[in-house]
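Here are my notes on this structure, set out as numbered points. Please read them with the 3D view open.

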Amino acid sequence: MKLLLFLLVSLYSYAVDATLKIEKDVEQRSRIAIVDTSPSQNSTFFKILLSDFKISGHFLADSKYNKGDINSNFIAPSLKSKEYIFQYHLTQQKGTKVMVRLLKASDGTEIFKKSYAIPTKNKMPFLAHKAVSDINNVLKYPDISWINRYVLFSRYTTPRQSEILLADYTFNYKKVIIKGGLNLFPKWADSTQKSFYYSAYGGLMPTLYKINIYTGKKEKIAMSEGMLVCSDVSKNGSKLLLTMAPNGQADIFEFNVANKVKKRITKFNGIDVNGKYIDDESRIVFVSNRLGYANIYKKSIGSAAVSQVVYHGRNNNAVDAFRDKIVYSSRESKKSFGSNQFNLYLTSSKGSNTRPITTTGTNQFPRFSTDGSVIQFIKHRGRGSSVGYINLISHQSILFPLSGRKIQSIDW
Amino acid sequence: MIKNTLLATATLSILLLNGCSSKTPKVNTDGIDQHNVNDATQIVEKTVSIDENAYGKENTKNGQTTASNESNSDVLNAGSNINSSSNGFKSLYFGFGEYGISPSMGTRMTVNGDVASKNSSKIKIEGNCDEFGTDEYNYALGLKRAKAVKDNMIAQGVNSQSMVIVSFGESNPVCVNPTDGCYAQNRRVDLRLAN
């Protein structure tokens with residue numbers, strides 16, 4: 001009897017501890033208030049800061065707008081319940097200047113101060129991202145430098161015309177890099193985002209180019225009748241996974257950038273596309289219709305055996321991978337026309353731990369961040385579209401509205 | 001006595017308050033350099049802007065098109081006169097997600113074989129899709145459609161070397177209305193003589 005009582009008490013304690021632990025994880029995010037000390041209000045900048053703090057997964061940012069003095073360490077009584085106060089002073093006369101200070105809310109002690117100045121106004125969003133990223137580092141939280149990176153995407157303009165653009169992750173900054181012609185499937189060539197590959201459909205044969213975004217230097221990489229897409233780039237940039245159709249049959253090839261030798265990886269007489277490196281890059285995951293509908297498969301580059309990764313859904317036509325993590329888009333409604341529901345699922349290269357990470361709308365173009373901690377995607381709902389981000393660690397998610405033309409392809 | 005005590009207390013309080021106030025140096029926001037962000041390439045360096053306006057002008061005219069109110073079955077009907085090909089060729093239409101040539105397209109394929117036999121120029125066979133589906137899969141589907149047409153032309157005796165296939169995926173719609181008829185018109189293969 002005593003033993004039973006002891007066991008019951010132990011189990012109860014464990015349960016209580018587990019509950020407390022869950023609550024504590026949520027509470028571990030630092031409560032932060034944003035104080036605008038600028039001479040004039042810029043609501044876009046304020047909203048970008050809020051988004052950055054939220055999606056980082058490390059902060060609980062108060063959405064209330066506060067005004068203050070950049071020279072003052074006084075903390076308003078209503079803000080003393082926070083852990084930190086983030087002050088910013090933004091001016092945009094010639095270019096953009098931002099001074100930021102991070103203070104302890106309890107006593108106004110300054111923890112961090114930095115100024116940022118650039119000669120342009122349109123890159124203002126990047127200053128917000130940089131400031132939040134720097135503060136995150138000062139507080140020694142896990143790295144969130146992905147918020148500083150460019151997003152690369154293509155969109156259709158008119159029939160058989162497209163443009164390729166750079167954006168910040170919120171899409172507040174956008175710049176056309178290539179316009180005119182039909183240039184598609186842009187893909188970053190290196191982790192430093194100096195160059196990207198893209199497919200030009202301007203002539204008789206689709207051609208793959210590499211272009212430096214700072215010098216404009218363009219290099220022809222490969223040509224293929226029918227179709228040519230760079231689906232993935234190895235970590236060191238030396239190899240590419242290309243979808244090519246030299247005989248009118250779309251297959252996946254591994255292309256050696258240095259000696260331009262290509263090795264055919266898939267040989268199915270149907271559709272094999274969208275190859276992505278997984279694990280140690282000796283294997284790939286890809287989309288194929290070898291069972292009569294689009295689904296996700298994996299294969300070693302050096303062997304012929306192919307195995308199925310996903311066993312649900314009747315149309316899983318987009319996939320991305322980061323090491324052993326795989327994200328794919330699965331159609332969950334059966335309309336032949338009109339909008340269908342597509343949801344994103346996360347699984348592993350072993351096909352285990354599969355779970356949905358979206359539940360509504362048409363969610364497509366899943367893309368991992370360079371550190372694999374965040375997934376970017378495009379959501380269509382009704383007549384509107386958004387670019388979305390899901391932080392896999394903190395489970396924070398955020399959407400930014402997209403206006404304008406339909407996105408054709410995106411990389412991050 | 002009380003007055004003196006009060007005065008002393010007030011004086012002491014004032015002195016204490018002054019001592020406790022933090023002496024924050026005034027932050028000079030005007031002194032920031034014009035450009036001082038040196039550790040972020042995307043902020044600092046200037047990116048290019050390139051205009052490649054060339055191909056688009058060459059082929060924006062897709063040939064004769066008819067009204068886009070046709071239903072799905074109308075487009076796949078052998079008697080339909082919808083067409084977006086050029087040079088006497090006839091476009092072929094496909095069911096949702098399909099890339100086989102249906103029997104109803106037989107007459108059109110015969111016309112295409114006939115036109116090809118009378119031309120020595122290279123023939124471009126362009127596969128297209130409706131707007132559903134994303135990324136590479138849609139382009140591969142368009143390519144399968146184009147290949148199906150090419151294979152049929154080869155079977156009719158057209159020289160394989162005289163034909164080139166390409167997929168435009170969903171990039172080349174002939175109509176943009178959100179209707180079944182419009183989607184059906186976009187799921188097609190066009191043929192034309194290559195320039």
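1. Two residues count as in contact if their C-beta atoms, placed from the backbone, lie within 7 Å. The model is predicted. On that definition, the contact between the chains takes 67 residues from chain A and 53 residues from chain B.

2. Which element gives the most to the side of chain A that touches chain B? Strand S8 of chain A, residues 174–179, does so with five residues. Sorted by class, this side of chain A holds 32 nonpolar, 27 polar and eight charged residues.

3. Strands of a sheet pair through backbone hydrogen bonds, either parallel or antiparallel. One sheet here takes strands from both chains: five strands form an open sheet in the order S29(A)-S6(A)-S7(A)-S8(A)-S1(B), and the pairing is mixed. At its edges are strand S29 (407–411) of chain A and strand S1 (50–51) of chain B, each of which pairs on one side only.

4. The pairing across the chains is between S8(A) and S1(B), which are parallel and share two bridges. To find the place, look for Lys179(A), which stands opposite Asp51(B) in S1(B).

5. Within chain A, the same sheet shows the antiparallel sense: strand S6 (residues 151–156) and strand S7 (residues 162–167) of chain A are joined by six bridges. Leu152(A) stands opposite Leu166(A) in S7(A).

6. Chain A also has an open sheet of five strands with the order S2-S1-S3-S4-S5, again with mixed pairing. Its edge strands are strand S2 (59–67) and strand S5 (110–118) of chain A, each pairing on one side only. How far are neighbouring strands of this sheet turned against each other on average? The angle is 20°, direction ignored.

7. In this sheet, strand S4 (residues 96–104) of chain A runs antiparallel to S5(A), with eight bridges between the two. Lys97(A) stands opposite Ala117(A) in S5(A).

8. Helices pack on this sheet. Helix H2 (residues 43–56) of chain A touches strand S1 (30–36), S2 and strand S3 (84–91) of chain A. The direction of helix H2 of chain A makes about 165° with that of S2(A). Helix H3 (residues 124–138) of chain A lies across S3, S4 and S5 of chain A, and runs at about 155° to S5(A).

Methods: Residues are numbered from 1 along each chain as its sequence is written. Chains are lettered from A and ligands numbered from 1 in the order in which they are written. This is a predicted model: local features need pLDDT of at least 70, side-chain atom pairs count only at pLDDT 80 or more; totals for chains, interfaces and linings use all residues. Two strands pair if DSSP finds at least two bridges between them. Helices (H or I, at least four residues) and strands (E, at least two) are DSSP runs, numbered from the N terminus. Ala, Val, Leu, Ile, Met, Phe, Trp, Tyr, Cys and Pro count as nonpolar, Asp, Glu, Lys and Arg as charged, and the others, Gly among them, as polar. Axes are lines fitted to C-alpha atoms, for helices over the stretch in contact, and angles run from 0 to 180 degrees between N-to-C directions.
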